[in-house]
Every structure is written in C-alpha cells, then in structure tokens.
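Reader: Hello! I am new to this structure and would love a close look at one part of it, with the terms explained along the way.

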Amino acid sequence: LISGALVDKFRIDRRKFLMFGYAATGIMIFLFGAQTQLSSLLICSFVIGFISYSTNTHLSALIVDYAGKNLAATATGVSNFVFQFASQISPAVIGAMLVSTGGVFTTVIWAIMAAGPLTGVVFAALAAGAEKAEQQTTG
C-alpha cells in the first residue's frame with residue numbers, strides 16, 4: 001500500500017521504482033549477511049522485508065501492462081512460477097555451496113544471493129525499450 005501510494009503520488013515510473021527496489025534489496029541482502037550483532041540483524045531483516053515486498057505489486061502491474069489483457073493471466077502465472085521455483089531450489093543450491101566449501105566462503109554466498117535481485121535490475125533496464133501492450137500495433 002505504501003509503495004503504491006508513493007509511486008502514484010510522486011508519479012514515479014514503475015519500472016524505475018522496481019529497479020531501485022531490486023538494487024536496494026540486493027545491497028541489503030549482502031549487508032544482512034555481514035551482520036554480527038543481533039540488533040543490526042533485526043534492523044536489516046526488517047528493511048529487507050519492507051523493500052523486497054514493496055516491489056512485488058509493481059512487478060505484477062508491469063507484467064500485466066506489457067503482456068496485455070489476453071496474456072495477463074499466463075504472464076502472471078509464469079512470473080509466479082519462476083519466483084516459487086527459485087524459492088524451492090535456493091535452499092538446496094545455497095546448502096550445497098556451504099557444504100562444498102565447508103562454510104568458509106559465506107561472504108561469497110551472500111553475494112551470490114544478492115545477485116538475484118541485482119540481475120532483476122539488469123532485466124528491468126533491458127525492458128526500457130519494450131512497448132506496453134496497449135501501445136503495440138496489431139497487424
């Protein structure tokens with residue numbers, strides 16, 4: 001609710017807001033992994049949760065805008081599948097990395113986890129030239 005109200009009130013481009021949110025999430029994930037004090041860990045976890053969930057609704061809105069009415073459900077379903085699948089395989093992949101390195105390279109693992117949202121920034125930036133469904137011509 002807060003992010004939607006802010007984006008609408010200040011007329012912020014949803015794609016740019018999404019890019020900012022993903023970048024901030026990636027940075028916060030890395031900072032979260034570097035914490036050694038409980039109070040800092042709690043603050044970082046709150047900030048990660050707040051930022052990362054503020055982008056979800058904007059991603060869904062962008063998906064519908066670019067896919068159009070006819071493909072909105074399919075595009076949203078595919079997006080949800082990708083997110084759910086990533087949530088399912090992430091613990092196994094990260095766990096395998098921890099086991100294979102003996103837990104020595106935890107900073108690298110946090111950096112790899114932060115790379116996910118940062119990759120989202122790249123893909124959102126690449127979408128800058130894409131036309132929304134209502135702007136596309138049929139022919």
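Reader: To begin with, how many salt bridges does the structure hold? After that, please take me closely through helix 3 and its surroundings.

Author: Happy to. The model is a predicted one, in which local features need pLDDT of at least 70 and side-chain atom pairs count only at pLDDT 80 or more, while totals for chains, interfaces and linings use all residues. Residues are numbered from 1 along each chain as its sequence is written, and side-chain values use heavy atoms, with hydrogens and water left out.

The structure holds two salt bridges; the term stands for a side-chain nitrogen of Lys or Arg within 4 Å of a carboxyl oxygen of Asp or Glu. One joins the side chains of Arg14 and Asp8, at 3.4 Å from N to O. The other joins Lys132 and Asp65, at 3.8 Å from N to O. This second pair ties together distant parts of the chain, since Lys132 is in the segment after helix 6 and Asp65 is in helix 4 (residues 56-67), 67 residues apart.

Now to helix 3 itself. Helices here are DSSP runs (H or I, at least four residues), numbered from the N terminus. Helix 3 has 17 residues and reaches 24 Å from its first C-alpha to its last, close to the 24 Å expected at 1.5 Å a residue; the expected span is 1.5 Å times one less than the number of residues.

Which residues of helix 3 are buried? They are Cys44, Ile48, Ile51 and Ser54. They cover an arc of only 145° around the axis, so they sit on the same side of helix 3. That arc is taken from the directions from the helix axis to the C-beta atoms. Buried means under 20% relative accessible area, exposed means over 50%, and partly exposed lies in between (1.4 Å probe, protein chains only). On the face turned away from the buried side, helix 3 carries the exposed residues Leu38, Leu42, Phe46 and Tyr53.

Phe46 deserves a second look. It is exposed because its relative accessible area is 57%, whereas Phe50, also in helix 3, counts as partly exposed at 46%. Because Phe46 and Phe50 are four residues apart in helix 3, about one helical turn separates them. An α-helix has 3.6 residues a turn, so residues three or four places apart point the same way.

Both residues also belong to a nonpolar patch on the surface, made up of Ile2, Leu6, Phe10, Ile12, Phe46 and Phe50, with about 620 Å² of accessible area together. Such a patch takes residues with over 30% relative accessible area and no salt bridge, and joins nonpolar side chains (Val, Leu, Ile, Met, Phe, Trp, Tyr) within 5 Å. Accessible areas come from the Shrake-Rupley method with a 1.4 Å probe. Helix 1 (2-9) and helix 3 (38-54) each supply at least two residues of this patch.

Finally, the rings. Rings of Phe, Tyr and Trp (its six-membered ring) pair if their centres lie within 6.5 Å; planes under 30 degrees apart count as stacked, over 60 as edge-to-face and the rest as tilted. By this rule there are three aromatic pairs. Phe32 and Trp110 are edge-to-face because their ring centres are 5.4 Å apart and their planes stand at 65°. That pair links distant parts of the chain, with Phe32 in helix 2 (residues 14-33) and Trp110 in helix 6 (residues 106-126), 78 residues apart. Back in helix 3, the rings of Phe46 and Phe50 have centres 6.2 Å apart and planes at 20°, so this pair is stacked.

Notes
Patches are made of residues with over 30% relative accessible area and no salt bridge: like charges are joined within 9 Å, nonpolar side chains (Val, Leu, Ile, Met, Phe, Trp, Tyr) within 5 Å.
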